Amino acid sequence: SGDDAEPALFLEVTSGPLRGERRRVGREGAALGRATDNAISVADKELSRRHSLVEYDRGRGAYFLCDVGSTNGTYMQLVGPYANSYKLTFSDHILVGRTGFSINRFDYGVSEEIGRRPNMEDKSIIIQDLGIEHLYQLGMGPQSFVAVYDGHGGAHASNYLWRHLHLNVSEALEKVGQEIQAAHPGAGPGAVPARLLDELVAAGVARCFRRTDEHYLNTSDNPQCGSTATTVLIIGNRFYNFNVGDSRTLLCRNGKVRLVSQDHKPSREDETERIKKAGGFVIHKRVMGELAVSRAFGDKEFKMGLQAILNEEGRPGPG
């Protein structure tokens, strides 16, 4: 929404008597408690009549939560009570009595199935807001990141991506924001051409993916493990899909489903040609006759090239 849009905060009730419901808080704020005259009234016996207050600070353009002398306290992120004002942001979790609230940009669900494998090799991550300050200053926020990592040969690569890739993407986007501010000093919201943003984001994330893969290959004790990664980055109202491998991203709009990612399979002619130029081969629609995806994080032995593999196997051992 634009700068003149009416500010609104939506609280999703995650536990307690109102579980599953949503409450809207406008610029006038809202009192929360057991009494029925509160803007958010909850029949939770562990709440005080006046428990907490959500206020909107016009000058700072943000919502704040504070406890108003409740008996049992107002807890943020499930780590402790807060008596002073606390600035609310995406992915925050509030606990008052037996009632929990979360602040989300998007509603989401996650379903996982291990299949025939003895261990789960896949991971997923959803970050409502990366909080890239340089992009916020340009009016390009929030920045949401979603990813599915489909591991193979073990869970080491997918676990590594789950721990590190979003952090590396955040770092890359910080640099993108700095580049834009250097090229357009003093630019405010809406002043930066969308095409420039798209080009810088695409180049920055591509570099980030390559560096993440290189770091995993060079530092992991299990570089032979691999993982696909299908990711979505939403900056403001712009949608980006970055994909490595054959996991898929689908976009549903107006009741219609669209495939937005492209499978990287060795059966594709362009992928077969790329693999051959890199010193590999494709047989039975698999890389080196084994791997069913033509691109992935990890999989060190498949990235060495045929001659390098032969040299590695022929190298004499110690002793």
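A salt bridge here is a side-chain nitrogen of Lys or Arg within 4 Å of a carboxyl oxygen of Asp or Glu. With that cut-off, a search of the whole structure, which is a predicted model, turns up 18 salt bridges.

One of these pairs is Arg 50 with Asp 37, whose side chains meet at 2.8 Å, N to O. Arg 50 sits in the loop between strand 4 and strand 5, and Asp 37 in the loop between strand 3 and strand 4, so the contact ties together parts that are 13 residues apart in sequence. As for solvent, Asp 37 is exposed, at a relative accessible area of 54%, while Arg 50 comes out as partly exposed, at 39%.

The strands around those loops pair up too. Strand 3 (residues 30–33) runs antiparallel to strand 5 (residues 52–57), with three bridges between them, and Ala 30 stands opposite Val 54 of strand 5. With strand 4 (residues 40–41), strand 3 pairs in the parallel sense instead, over two bridges. There, Leu 32 faces Ile 40 of strand 4 as its opposite number.

A busier bit of charge chemistry involves Arg 117, Glu 121, Asp 122 and Asp 150, which are linked in a network of salt bridges. Within this network, the side chains of Glu 121 and Arg 117 meet at 3.0 Å, N to O. Glu 121 counts as buried, with 14% relative accessibility, whereas Arg 117 is partly exposed at 36%. Arg 117 also forms a salt bridge with Asp 150, and here the closest N and O atoms are 4.0 Å apart. Since Arg 117 belongs to the loop between strand 11 (99–102) and strand 12, and Asp 150 to strand 13, this pair ties together parts that are 33 residues apart in sequence. Asp 150 itself is partly exposed, with a relative accessible area of 25%.

Now for the nonpolar side of things. In soluble globular proteins, nonpolar side chains tend to be buried together. The largest nonpolar core in this model has 37 residues, and the ones touching the most other members are Phe 145, Leu 173, Val 201, Phe 209 and Leu 233. Two or more residues each come from strand 12 (122–127), strand 13 (143–152), helix 2 (156–183), helix 3 (194–219), strand 15 (229–235) and strand 16 (238–244). The top contributor is helix 2, which gives nine residues to this core. Val 201 shows what the packing looks like up close: leaving aside residues up to four places away in sequence, Val 201 touches Leu 173, Val 176, Leu 233, Ile 235, Tyr 240 and Phe 242. There is also a second, separate core of 21 residues, and Leu 11, Ile 40, Phe 101 and Ile 103 are among them. Ile 40 is thus a member of this second core as well as the residue opposite Leu 32 in the strand pairing.

Helix 4 (residues 269–277) has its own inside and outside. Its buried residues are Glu 271, Thr 272 and Ile 275. Viewed down the helix axis, these fall within an arc of 100°, so they line one face of helix 4. The cover over them includes strand 19 (282–283) and strand 20 (286–287). On the other side of helix 4, Glu 269 and Lys 277 are exposed. Just after the helix, Gly 279 takes a positive phi of about 95°.

Technical notes. Residues numbered from 1 in each chain as written. Predicted model: local features only at pLDDT ≥ 70, side-chain atom pairs only at ≥ 80, totals over all residues. Heavy atoms only, no water. Core = buried A, V, L, I, M, F, W, Y, C linked by side-chain atoms within 4.5 Å. Buried < 20%, exposed > 50% of the residue type's maximum accessible area, 1.4 Å probe, protein only. Helix = DSSP H or I, 4+ residues; strand = E, 2+ residues; numbered from the N terminus. Contact = heavy atoms within 4.5 Å. Arc of directions from axis to C-beta. Pairing = 2+ DSSP bridges.
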